Amino acid sequence: MFDPTQLRTFLTVSQTLSFTQAAERLGLRQSTVSQQVRRLEEAAGRQLFARDTHGVALTEDGEAMLGFARTILEANERAAHWFAGTRLRGRLRFGASEDFVLTRLPEILAAFRRDHPEVDLELTVDLSGPLQEQLAAGRLDLVLVKRHPGRGSGDARGGRLVWRDRLVWIGSERTRLDAHRPVPLVVFPPPAVTRARALEVLERHGRPWRVTCTSGSLSGLVAAAGAGLGVMAHAEGMIPPGLVRLPARAGLPDLGEVDVVLLHGAGSEAAGPSRAPGRPGAPGGGAEALADAILAAGDRLHSSAPGTTRG
């Protein structure tokens with residue numbers, strides 16, 4: 001038997017690849033996180049993480065445990081909902097950054113709708129900046145967006161870290177850059193996080209650049225990059241099908257990291273759980289339930305995105 005608490009901690013560490021960030025997200029001490037992972041490894045009889053001075057990585061057994069952990073926790077969650085007799089109702093306005101369209105986010109949303117059929121889920125897909133503006137204006141209840149690292153510390157205002165990723169340069173396999181000519185860029189319109197980072201890094205390194213394509217649609221950018229119009233900055237864990245990470249010999253400067261976070265609004269219309277006769281209610285609401293589902297399955301959004309190509 002595997003302890004659900006230890007499994008949940010294991011999933012969080014696997015998503016953040018950091019015991020410190022996992023502890024922050026779970027509201028635990030780092031020593032507690034390490035202890036729970038160690039006990040899970042003892043129960044499994046296998047090492048799940050490889051740790052060294054460079055960071056944390058899943059072992060082959062750790063990769064296998066991912067699927068088992070998700071299955072066990074999802075079954076546990078369904079059982080808890082069934083016997084608690086709680087039903088979430090109302091409207092939940094959820095926003096997701098354009099980048100997540102090609103990941104397995106639709107699978108997570110489908111599972112949420114299956115588990116909470118009485119919640120009217122409304123999805124808005126946009127850039128991270130506009131989504132945060134809509135959240136602040138009260139037009140959204142929960143958003144999944146990209147953000148520069150270090151803003152917020154895991155509290156309600158700072159958001160909840162889903163994972164931290166590296167930004168990399170991507171393009172067609174046939175892309176070849178001329179070091180003596182401006183870097184051709186395929187970018188989202190401002191104030192997109194990836195656009196701002198690409199321009200800032202190139203300016204800092206004295207590399208001239210020119211925008212060859214601007215589109216608010218990820219499919220438009222992918223088409224332009226695939227046609228060889230230019231290169232784009234993108235999260236390494238969500239590289240769209242047909243594009244690859246450019247090798248170091250391309251000579252482009254490092255783009256650093258980016259955080260993927262969940263941000264809650266001031267209130268949610270889908271919040272209140274309704275009680276079945278004779279059964280207790282449960283705390284929290286639709287936004288919290290969806291946030292928990294995304295956090296539990298966060299590794300699906302990047303490490304196993306369907307059709308993902310890594311270069």
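Good morning. I begin with a pair of charged side chains: R51 and E41 form a salt bridge, and their closest N and O atoms are 3.6 Å apart. R51 belongs to strand β1, residues 49-52, while E41 belongs to helix α3, residues 30-44, so this pair ties together parts that are ten residues apart in sequence. Please keep in mind throughout that this is a predicted model.

Are the two partners buried or exposed? R51 counts as partly exposed, because its relative accessibility is 42%. E41, by contrast, has a relative accessibility of 11% and therefore counts as buried; the cut-off for buried is under 20%.

Let me now place this pair in the whole chain. The protein chain has nine helices and 13 strands. It consists of 311 residues, and 46% of them count as buried. Consider next the contacts between residues with a separation of 6 or more: 77% of these are accounted for by residues 24 or more positions apart. As for the outside, the accessible surface of the chain comes to about 15100 Å², and carbon and sulfur atoms contribute 51% of that area.

I return to the salt bridges. How many does the structure hold? There are 14 salt bridges in the structure, and R51 with E41 is one of the pairs that form such a bridge.

A second example is E107 with R104, where the closest N and O atoms lie 3.5 Å apart. E107 has a relative accessible area of 42%, so it is partly exposed. R104 is partly exposed as well, because its relative accessibility is 27%.

A third example joins the side chains of D254 and R166, at 2.9 Å from N to O. Which parts of the chain does this pair tie together? D254 sits in the loop between β11 (244-245) and β12 (257-264), and R166 sits in strand β7, residues 160-171, so the parts that are tied together are 88 residues apart in sequence. R166 counts as partly exposed, because its relative accessibility is 29%. In addition, R160, E288 and D292 are joined into one network by salt bridges that share partners.

From charged side chains I turn to nonpolar ones. Which residues make the nonpolar surface patch of about 310 Å²? The patch is made by V101, L102, L123 and V125. V125 is found in strand β5, which covers residues 119-126. Why can V125 take part in a surface patch? Patch residues need over 30% relative accessible area, and V125 qualifies on this point because its value is 38%, which makes it partly exposed.

Finally, I would like to discuss the backbone. As a general rule, most residues other than glycine have a negative phi, and most peptide bonds are trans. Two places in this model deserve attention in that light.

The first place is L17, which has a positive phi of about 50° although it is not a glycine. L17 lies in the loop between α1 (4-16) and α2 (19-26). Its relative accessibility is 40%, so L17 counts as partly exposed.

The second place is the peptide bond that joins P190 and P191, which is cis, with omega at about 10°. P191 is located in the loop between β8 (183-187) and α7 (193-204).

To close, I return to the opening pair: R51 in strand β1 and E41 in helix α3 are joined by a salt bridge. Thank you for your attention.

Technical notes. Residues numbered from 1 in each chain as written. Predicted model: local features only at pLDDT ≥ 70, side-chain atom pairs only at ≥ 80, totals over all residues. Heavy atoms only, no water. Helix = DSSP H or I, 4+ residues; strand = E, 2+ residues; numbered from the N terminus. Buried < 20%, exposed > 50% of the residue type's maximum accessible area, 1.4 Å probe, protein only. Contact = heavy atoms within 4.5 Å. Areas by Shrake-Rupley, 256 points an atom, 1.4 Å probe, with all protein chains shown as cover. Patch = residues over 30% accessible without salt bridge, like charges linked within 9 Å, V, L, I, M, F, W, Y side chains within 5 Å. Salt bridge = Lys/Arg side-chain N within 4 Å of Asp/Glu carboxyl O.
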